[in-house]
Amino acid sequence: MMIPETNPLANLDIYDLKYLVYHVADANLVEDLHALLTLETDNQGLALFEAKDIIGEAGSFLTDLAIAWKEAEKEFEIGNKSRAISRQFRYALLTATYNSLATNIPTELMLTLAKYKFWSPEQCFNHIKQLEDLQSSKQINLLLELITEEPELLSTSLDLIRSNANQSDKIWAFLKLLEIFPDNSELFSEALESIINHDKRLEKVKQMIKLLPYVQDKNAILLEAIESTINIDKESDKREALTEITPHLSRDFMPTIGEIVIDIQDKYELATVLKEIGSQFPEILPVALEAAQCIQDKSQRASALKKLASKLPTELIPSLLLAANDLDRAEEILVWTEIPEHLPANVFPNLLSLIGATNSPYDNAQRMAVLSNLAPHLPETLMSQALDFVDAIPNGVVTSLCLKILAPYLPKTLQTRVLQVINNIQFTYENTDVTNLIQAQAFVYLVSYFPEIIPQAMENISKLEDSFKAENITEIACKFQENELFLELALDSIGSINNELQDKADLIAKLSSHIPDLIYNSNFQKIILETLIGAKNIKTINERNELTKKLAPHLPKNLVAEALITSRIIYEDQLKLLKSYILLTTYAPELDSRVLALERYFTSFTQSWHGVNPESDIKEMLGILSFYFPNDFWFWLSAVFKSYSEQEMITCLTNLIPVLSQECLLQSLKTVIALENSPEQQKFLREIIPFIPISPNQKIELIPAKDIEDQTFQEVVLSKPTSYSIRVASDQLIKSCEYLKLEKYNNTKFATTSLVDIITYMFRFLQSESGIPLDIKLSSKIHLKNELQLIDIIPYCTEELIIVILNLIENGLKLGIAWWALADNLPLHLIPKALELIPTKAILPNIAFNGLAPRLTKKLMPLGLESALSIKDTILKAESLRELSPYLPNNLVYKILDFCKEIREECQDKKASLLGGISPQLIELDPENTYNHWHSIIYPLSAQPRQYFLREINGLSSLIVNLGGTEAIEESAKVIEDIIRWFP
């Protein structure tokens, strides 16, 4: 690709661009070197990076930064220390920014870039090399896909795998490479050696078997696998190993296998392994059946018989049925349904009646499994009865799935009855929208077999919401690929999806996978472009990458560049950049460009702003900017609100209340009061009351009339106008938390005055042996979706309730993010109790310490430090200590240093973070080694994505000002201005 003329390096060829920095440094043109790395395009981009990126040499930009960084270090030793430190900061931040750009590109998009020759194989390899998590099979698989297309990369890829992959991933990679290069004897030898040295015997056996296709003398491999199997202690693992080996054995091995089998004591495991051996050597099947009959536990015997049933020859079926005769009737019938081909025709009606009965002993999953076994063997005369059984199922989802099972076997004569069954489908809770959706899915399952019902299917689908409508029309288009009408309908329906971009991307991928030539369809290309444009407004990297990687394999060549631009957007650390800039400039308040830079930053940010997420950094960012620009901020915010409805604007302002300046608060209040009365307005007025300096009478006028009747609410709000965590009485909490509804009260609000009972009952459903994941799935008895709702509840808890919660935690309850709210609301005298619980009862202890650290007094700080040091997981311990580090007195810092000495090599970023946290103390305690501390922090941080680098800006700032003074701070602030401009 050509470098545009707007780039001052456009006239250089590929060689000159690749080695330009090296040659400038080699010529000792140091100032020219640093100038080159700040040279801009006409569009205010970083000229060298953009030029190298276009020619496929972006990876060498890291080498350029390393060269310039080295020169800056020389300058510190012999020249201008202020300028040298700011330059080191520049190259470290640019390195971290490059890491963010590299890790932002989904692997699927990288392969598409290679496919269309946007990137060379070497550039793709360098990109993979930059990725941190090469140990994951996904990254190795990426290497394998590259090697498939570019075999010359085998040697360098192997070097990377050998040095970075763990034992299991390394073996997996070697085996995959053997599939590509089956005649490579060196690769085979390395794979064999790695497998022999595997420390897990079962995995060793499995991998040995995978080597068999690549060797002529299979017996040597089999003997090694058998030897490993003999040494396996756990009988279920031994059975699994034998299952892997058996299909490859000749009869010569049977005596040895017999000796292994004899040692298996568990009858269930014995029967299972004999069944597998019997699949290879049928004469073993009678022995397997006999072993199954000897299992005492009826549930295990039933399971063994069901697994064995389909393997048995006809002459052993009577023995099977006899063995099943002693089981519970329900289990016995399940064994029968495993051998439908051996059952007499007169049995099928009874089986259908039994599994379809209202009082049937089978759950829905068992019913569907039985129907799946029976359906291919049901005579046509019984299909009507099968439909009656399906029609009688009260669960509409199960009805739909059962229709899917029967569909291939239903005769055309039953079309009318099929339509009746679909139309009779009801959702359990009589929800019309969900009922329509389930019916639509049933239609989609059946249209391939009954194309005549397509008109009815399309009529049903037309009732659905846009994303569900598109999903079902796409399914039909995939089933009738030659029908252009269905294709255009599918494209139109996908194009109409506006908000659910992930769903839109899923459907684009699905349609393109079934219709490869779709990539050339202009309407299809238009939809992809619209989706990519929408993706640019997604602020979280994971969500944006998830969408981009779905689209990547289906991109036409003309949209690949657009996808690359989309994937490289860095939104997630914009607040950190802003805060870093403000923090740096606090050391140089006279910096003239400060306000202009902030204004420029906000203006560029709002151009791509797509709404306010109350849980995101945007709220804090706007709060900071409202402080610095009280006069202009409301004007800018009003411009953004032009695309909002009144309700959306009020909701946005409500979320911003805690961080708005007084001027903006009063302007917000004036604006919202002038609007029509609405629930959003009432919520805003309730939330803003504690933050504005007005009299009690004015507050009473602002509170919605229906709430003024609640004396408890009125008293609490008016008596604590400055408190953000208003504690209310039990009846008010019940009124506020409308999602607390229990089935035992018939889904009505609580009619109790005991808040202790409510909290105790609520937390009982949260207890889990393995701890609670961040997205908790609770019992249907309590409508509490996740811990975020706990965070809303905890600030309302009295001290009595806080004690109840701590006791519940002590007795087994584990919390994750809710610890943050708990820490923020603990009475001071309960903090020691919390510190005692956190190391073992917090899933994410660093979150707990984030809330507790600022509250730890001089007396409590040693307890907090010991609590954090007692955490077993090294990473969680380091992150917890990082939360404490800024608050530690000098006499406790040595314990952090002792822990840093124990941190292993792969966790050096955690060490750097910790040292950054205590850098102000280190400067005071060990001033002679400040520059060494700078190196021990800046190097590991620069190897991380930018957002992690910026977390430690506070520690870096204190070091910068110590090493380079105010001048270094001013230059470092300008570095952030440059980064904001070059990589928005």
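Which exposed residues does the face of α29 turned away from its buried side carry? They are Glu484 and Leu485. The model discussed here is predicted.

**Helix α29**

Helix α29 covers residues 484-495, twelve residues in total. From its first C-alpha to its last it reaches 16 Å, close to the 16 Å expected at 1.5 Å a residue. Its buried residues are Phe486, Leu487, Ala490, Leu491, Ser493 and Ile494. These residues lie on the same side of α29 because they cover an arc of only 165° around the axis. The partners against which the buried residues of α29 pack are four helices: α27 (454-461), α28 (466-479), α30 (501-514) and α31 (522-535). Glu484 and Leu485, by contrast, are exposed on the face turned away from the buried side.

**Cavities**

The model holds two cavities of 30 Å³ or more. The table sets out the volume and the make-up of the lining for each.

| Cavity | Volume | Lining residues by class |
|---|---|---|
| Largest | about 100 Å³ | six nonpolar, five polar, one charged |
| Second largest | about 30 Å³ | four nonpolar, one polar, two charged |

Twelve residues line the largest cavity, and those that lie nearest its centre are Ala58, Gly59, Tyr98, Trp119 and His127. Two elements, α5 (81-103) and α7 (121-130), give two or more residues to this lining. The largest share, four residues, comes from α7.

The second largest cavity is lined by Ala271, Thr272, Lys275, Ala292, Ala304, Lys307 and Leu308. Here α16 (267-280) and α18 (298-309) each supply at least two residues of the lining.

**Lys275**

One of the residues lining the second largest cavity is Lys275, which is placed in helix α16. Is Lys275 buried or exposed? Its relative accessible area is 10%, so Lys275 counts as buried, the cut-off being under 20%.

Which residues is Lys275 in contact with, leaving aside its neighbours within four places in sequence? They are Leu285, Ala288, Lys307, Leu308 and Lys311. Lys307 and Leu308 also belong to the lining of the second largest cavity. Between Lys275 and Leu308 there are 6.0 Å in space, C-alpha to C-alpha, although the two are 33 residues apart in sequence.

Methods:
Residues numbered from 1 in each chain as written. Predicted model: local features only at pLDDT ≥ 70, side-chain atom pairs only at ≥ 80, totals over all residues. Heavy atoms only, no water. 1 Å grid on protein atoms, 1.4 Å probe; cavity = no way out; pocket = protein on both sides within 12 Å on 5 of 7 lines; lining within 4 Å. Points joined across faces, edges and corners; volume = space filled by probe spheres on them. Nonpolar A, V, L, I, M, F, W, Y, C, P; charged D, E, K, R; others polar. Expected span 1.5 Å × (residues − 1). Buried < 20%, exposed > 50% of the residue type's maximum accessible area, 1.4 Å probe, protein only. Arc of directions from axis to C-beta. Contact = heavy atoms within 4.5 Å.
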